[in-house]
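Got your viewer open? Let's take a short walk together, from the whole chain down to a couple of loops.

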Amino acid sequence: LGLSFNDLATSEAVRGQYLAALGHYQEAERWDPQVPGLAKNLGLSAFRNNNYPEAIRGFSRALQEKPGEAPVRAMLGMAYFGSDKYADAAKTFTPLGTRAMQDATVGYAWAASLARAGELKQASEVLSEFEKGERPNDTLLLIGQLWIEIGDYGRSVAVLHRALHADRSE
C-alpha cells in the first residue's frame, strides 16, 4: 500500500497537484516509511505548498538517507529560511560551499540567514561572493538592504548606486 500511495502522489506531483501529492506521500509514509525517495518527495511537495515544517521533516530525513545530496540540502536550508529559523538555515547551507554562495536563490538566503543569526562577518563573506554575480535590479536592492543589516553602509550605498544607474540605462 505504501508504494501504491507513493505512485499516486508522484502522479499528482507531476501534474502540479502538490497538496494532494503531499497528503498521499504522508499516507504512503504511514504504510511504509522505507519507500525509496519518499522522504525527498514528501519534502518537495510540502515545500511547493509553503508547508515549511513538513518540508523540513521530509528533507531532514532524506538528507539522513543520502547526506551528500546537495539539492536536498539546499531545499532544506530554504525551508529553514522560509520558517525564519536562520541559524538552522545557515548551518544547513554551510557544507554547500562557494557554489551555493553564487546561486541566485541560495546565496542571498544564506547571507541573510547569517546576518539575522548575528554572524555578521560570515554574512559579509557570503554576500560578497553572492554580489559578484550578475544580478537584476530587484536583487541589487535586496543586497543593498542586507548590507545595511550587516552594518556596512558604504557597501550598501555602492550597490544601491549600481542599481540606480542600471535602472537609468534600461
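**The whole chain**

Of the 170 residues in the protein, 43% are buried (under 20% relative accessible area with a 1.4 Å probe, protein chains only). You are looking at a predicted model, where local features need pLDDT of at least 70, side-chain atom pairs count only at pLDDT 80 or more, and totals for chains, interfaces and linings use all residues. Residues are numbered from 1 along each chain as its sequence is written, and side-chain values use heavy atoms, leaving out hydrogens and water.

Switch to cartoon: you will find 11 helices and zero strands (DSSP runs, H or I of at least four residues for helices, E of at least two for strands, numbered from the N terminus). Show the C-alpha atoms next; along the principal axes they fill a box of roughly 60 × 35 × 25 Å.

Now turn on a surface. The protein exposes about 9100 Å² (Shrake-Rupley method, 1.4 Å probe), with carbon and sulfur atoms supplying 54% of that area.

**Two loops to select**

Select N50 first, in the loop between helix 3 (38–48) and helix 4 (52–65). What is the sign of phi at N50? Phi is positive there, about 60°, although N50 is not a glycine. Most residues other than glycine have a negative phi. N50 counts as exposed because its relative accessibility is 53%, and the cut-off is over 50%.

Then move on to D84, in the loop between helix 5 (70–82) and helix 6 (86–93). D84 is not a glycine either, and has a positive phi of about 60°. At 52% relative accessibility, D84 counts as exposed.
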